[in-house]
Amino acid sequence: MTSADQRHHLLALARRCETTGRPDRNLDVDIYEALGFTVRRKPAGPLAPRTPPGGIYQQGSLWKAIGRISAEIDVAVAVIRQKAPDWHWSLQSVASEEQTYEALVAGCSGQGALASLALCAALLKAFARSRSEQQPTQAER
């Protein structure tokens, strides 16, 4: 996947986070993959009793159950701290007819029906921006 394709994919995932109103295990897996985790998706066939819902990801030599990043703010914050420890982030609740959340990660904003979705949207946008900054310009090619 080219850098431009990666950026487009990250921004599309950010839009999914901002438009969905609820957590989604498929979105969780897509976010982990987009952020560079090695992921094994849940098999389509019969499951073994210990197969975690949503799949697993590799961390070092261990395989761990994918966290509910679209549902749990603690999981979203842990991923930010792991993947971008130097990035600053903030989160606030926006009072309106429907309560929404706004997040800021490394200068990129995201919003969502849940705090975790807002953080995911902002994180994905920040990763997309960092990917575009890594692309060589025409003069550098």
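This is a short talk about helix α2 and the salt bridges in this structure.

Okay, hi everyone. One thing up front: what you're looking at is a predicted model.

Let's start with helix α2, which runs over residues 25–34. Is it mostly covered or mostly open? Mostly covered: seven of its 10 residues are buried. The buried ones are Leu27, Asp28, Val29, Asp30, Ile31, Tyr32 and Ala34.

Now look at the two ends. At the start of α2, Asp24 has a side-chain oxygen that comes within 2.8 Å of the backbone nitrogen of Asn26. After the helix you get Gly36, and its phi is positive, near 100°.

On to salt bridges. How many does the structure hold? Four. I'll walk you through some of them.

One of them sits inside α2, where the side chains of Arg25 and Asp28 meet at 2.9 Å, N to O. Those two are three residues apart, about one turn of the helix. Arg25 is partly exposed, at 23% relative accessible area. Asp28 has just 1%, and anything under 20% is called buried, so Asp28 counts as buried.

Next, Lys125 and Glu18, whose side chains also form a salt bridge, 2.9 Å from N to O. Lys125 belongs to helix α4 (residues 115–134) and Glu18 to helix α1 (residues 3–19), so this pair ties together parts that are 107 residues apart in sequence. Lys125 is partly exposed at 22%, and Glu18 is partly exposed at 24%.

Then there's Glu72 with Arg68, a salt bridge at 3.4 Å, N to O. Glu72 is partly exposed, at 37%, and Arg68 is partly exposed, at 37%.

That's it from me, thanks!

Terms used
Residues are numbered from 1 along each chain as its sequence is written. This is a predicted model: local features need pLDDT of at least 70, side-chain atom pairs count only at pLDDT 80 or more; totals for chains, interfaces and linings use all residues. Side-chain values use heavy atoms; hydrogens and water are left out. Buried means under 20% relative accessible area, exposed over 50%, partly exposed in between (1.4 Å probe, protein chains only). Helices (H or I, at least four residues) and strands (E, at least two) are DSSP runs, numbered from the N terminus. A polar contact is a pair of N or O atoms within 3.5 Å; within protein, one must be able to donate a hydrogen and the other to accept it, and residues adjacent in sequence count only if both atoms are side-chain atoms.
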